Every structure is written in C-alpha cells, then in structure tokens.
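Colleague: Before we discuss this protein, could you set out its architecture and its interior?

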Amino acid sequence: MRSRTLTLAAVAGAALLATAALPASASGSVTPRSAQEGSVSAADLLAKVTSCSQISSGKYKTDDETSATIPVCGKNGAVFWKADMDIDCDGQVTGKCNGDADPWFQDDTAFHQSDGKPLRAESLPYVVVPSTSSIWKYTSYGIKGGGVVAVIYNNKVEYAVVGDTGPTKIIGEASYATAKALGIDPDPATGGADSGVTYILFKNSQVSPIESHSAAVSLGDSLAKQFLQNN
C-alpha cells in the first residue's frame, strides 16, 4: 500500500471469512499468463458498466495532484470504478519488487497469504482498495480481502484478488503482476496506465487460499457469468 507522496495508508485488519470461496486444494501462486483470462469477454463486461449508480459519498482522485472525479458505482452483485492504474509492488521482497526498484516500497500488504506472509506483488495479481473513510467503506458492500476482481484494459480481462488497502482519497492501483498481464508497464516507479482501466469487484466473494491465482480465475469466470445474467 502506498501513495506517490510517501503517505502511509492505514491498514484495515481483516478476518478472511469464506463466503463464495474455492477450496484450498486449488492452491499455488502462479505467475499469470497474458490476459484474456476466463470465458467472458471484456466487451461483454464493459457493456454492463456503461452507466454509474454512485454508491460512494464522494469521489476519489487518481493521484495526489488530480481532482476528485472517480465515483464508486454499484451493480447487482458487484461494485466498480473506472480509473488509472498505479503499480503496487508491496509485500514480499522479490527481484522486481523491493526498496531499490520502488521508492514507495513497503514490505507488507493489508491481507496475507495462507501461511501468514505478505502477498507477492510480482507474481500475484491483486488490486488495492481505498482505506475506509467518509467517502466509502468497502466492507459495507461485501468487499473483503481475497475478493475477486475483474480488471479490464485494452479489451483484455485479468482476474485478481483484493490484496491491499491504499490512501483514503486515491483510487486506481494494482500489483506488478496485474499490470504485466494486461500489457501495462509494471515498473513501480515509472509504469502504470493514466486511464482506461475498469475494476469490477464481486461482492461477498473470496478466493481461498488468497495466493492461488488459478482459483481466482476459476471463481472469477463463474462470477462474471452471473454478473452478465443479473445486470
């Protein structure tokens, strides 16, 4: 969790209670292949999020220096936002994610692997949600650590998990692995995408174990199909 002004975001503690979870047998942190993942197309998902029913009390900035223009929107079974993508390299120290590569590096994530260790941003696709504030409280809408997220960019779909929390006033951040899978420059210091990223977070979902990307894809594909049917 980080911001581009070195502000340390508050970490919300989370009890990972399984609701729509997959069994732990679908385990193993696997570096994602290039998106598209699953059987639901980016076009079909985007067709369901063309308009916004705002559920946040205010709007978010994409970076410290920008205006607050990004609302959190509600749909049946999901919430979504459309923003940029900053690169989160926090968690376990790896070759690409460390204090030398990332000037904002922190060696922890809000949510942890099944063995108690922080997540691995270099290999695990995860998304950062804003920490709880008067703007929006993610836990009040069925969003939790390990929840499934469909991240859409340039007509590609990548399934990720909710893996970290960030600043209270900024939105639009995902792990090194998420960016790389979508063809976005994953460099934590200079990479990212300025716009065009859609994040669809499925309510009351949870991957178990959180570090299993294959489990996220399987559950995400199922939830994406439900999302199309219900909206």
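**Strand pairing, burial and local geometry**

Modeller: Met-85 in S2 stands opposite Ala-193 in S7. This is a predicted model, and the pairing of S2 with S7 runs antiparallel over seven bridges.

Colleague: In what order do the elements of the protein run from the N terminus on?

Modeller: The protein has three helices and seven strands. From the N terminus on, these elements follow the order α-β-β-β-β-β-β-α-β-α.

Colleague: Is S2 largely enclosed or largely open, and how many of its residues are buried?

Modeller: Strand S2 covers residues 78–88. A residue counts as buried under 20% relative accessible area. S2 is largely enclosed by the rest of the structure, because the number of its 11 residues that are buried is 10.

Colleague: Which residue in the turn of the hairpin formed by S1 and S2 has a positive phi?

Modeller: Strand S1, residues 73–75, pairs with S2 in the antiparallel sense over three bridges. Within this pairing, Lys-75 stands opposite Ala-78. Two residues lie between the strands of the hairpin, and the one in the turn with a positive phi, about 80 degrees, is Gly-77.

Colleague: What is the bridge partner of Asp-86 in S6?

Modeller: S2 and S6 run parallel and are joined by three bridges. In S6, the partner of Asp-86 is Glu-173.

Colleague: Which residue of S6 is the bridge partner of Val-128?

Modeller: Strand S3 spans residues 126–130. S3 pairs with strand S6, residues 173–175, in the antiparallel sense over two bridges. The partner of Val-128 in S6 is Glu-173.

Colleague: And which residue of S5 is the bridge partner of Val-128?

Modeller: S3 is also joined to strand S5, residues 156–166, by five bridges, and these two strands run parallel. In S5, Val-128 has as its partner Asp-164.

Colleague: Which residues of S3 are buried on each side?

Modeller: S3 is mostly covered, with five of its five residues buried. Both of its faces are covered. On one side the buried residues are Tyr-126, Val-128 and Pro-130, and on the other they are Val-127 and Val-129.

Colleague: Which element gives the most to the lining of the second largest cavity?

Modeller: Rolling a probe the size of a water molecule over the atoms shows where empty space is left. The whole structure holds two cavities of 30 Å³ or more, and the second largest has about 40 Å³ of space. Its lining includes Val-128, Val-129 and Pro-130, together with Gly-166, Pro-167, Ile-170, Ile-171, Gly-172 and Glu-173. The element that gives the most, with three residues, is S3.

Colleague: How many residues in the lining of the second largest cavity are nonpolar, polar and charged?

Modeller: Glycine counts as polar in this classification, and Gly-166 and Gly-172 are among the lining residues. By class, the lining has six nonpolar, two polar and one charged.

Colleague: Is Asn-154 buried or exposed, and at what relative accessible area?

Modeller: Asn-154 lies in the loop between strand S4, residues 148–153, and S5. Although Asn-154 is not a glycine, its phi is positive, at about 55 degrees. The cut-off for exposed is over 50%. Asn-154 is therefore exposed, with a relative accessible area of 56%.

Colleague: What is the relative accessibility of Asn-204?

Modeller: Asn-204 is placed in the loop between S7 and H3. Asn-204 is not a glycine, yet has a positive phi of about 55 degrees. Asn-204 counts as partly exposed because its relative accessibility is 44%.

Colleague: Which peptide bond to Pro-209 is cis?

Modeller: Pro-209 lies in the loop between S7 and helix H3, residues 213–230. The cis bond, with omega near 0 degrees, runs from Ser-208 to Pro-209.

Colleague: What separates the C-alpha atoms of Ala-189 and Asp-86?

Modeller: Ala-189 is in the loop between helix H2, residues 176–181, and strand S7, residues 193–202. Ala-189 is partly exposed, with a relative accessible area of 32%. Along the chain, Ala-189 and Asp-86 are 103 residues apart, and their C-alpha atoms are separated by 9.2 Å.

Colleague: How far apart in space are Asp-44 and Leu-228, C-alpha to C-alpha?

Modeller: Asp-44 is found in helix H1, residues 42–46. In sequence, Asp-44 and Leu-228 are 184 residues apart. Their C-alpha to C-alpha distance is 7.5 Å.

Conventions
Residues are numbered from 1 along each chain as its sequence is written. This is a predicted model: local features need pLDDT of at least 70, side-chain atom pairs count only at pLDDT 80 or more; totals for chains, interfaces and linings use all residues. Side-chain values use heavy atoms; hydrogens and water are left out. Buried means under 20% relative accessible area, exposed over 50%, partly exposed in between (1.4 Å probe, protein chains only). Helices (H or I, at least four residues) and strands (E, at least two) are DSSP runs, numbered from the N terminus. Two strands pair if DSSP finds at least two bridges between them. On a 1 Å grid over the protein atoms alone, a cavity is a set of points where a 1.4 Å probe fits but cannot get out, and a pocket is an open set with protein on both sides within 12 Å along at least five of seven lines; lining residues have an atom within 4 Å of a point. Grid points are joined across faces, edges and corners, and a volume is the space filled by probe spheres set on the points.
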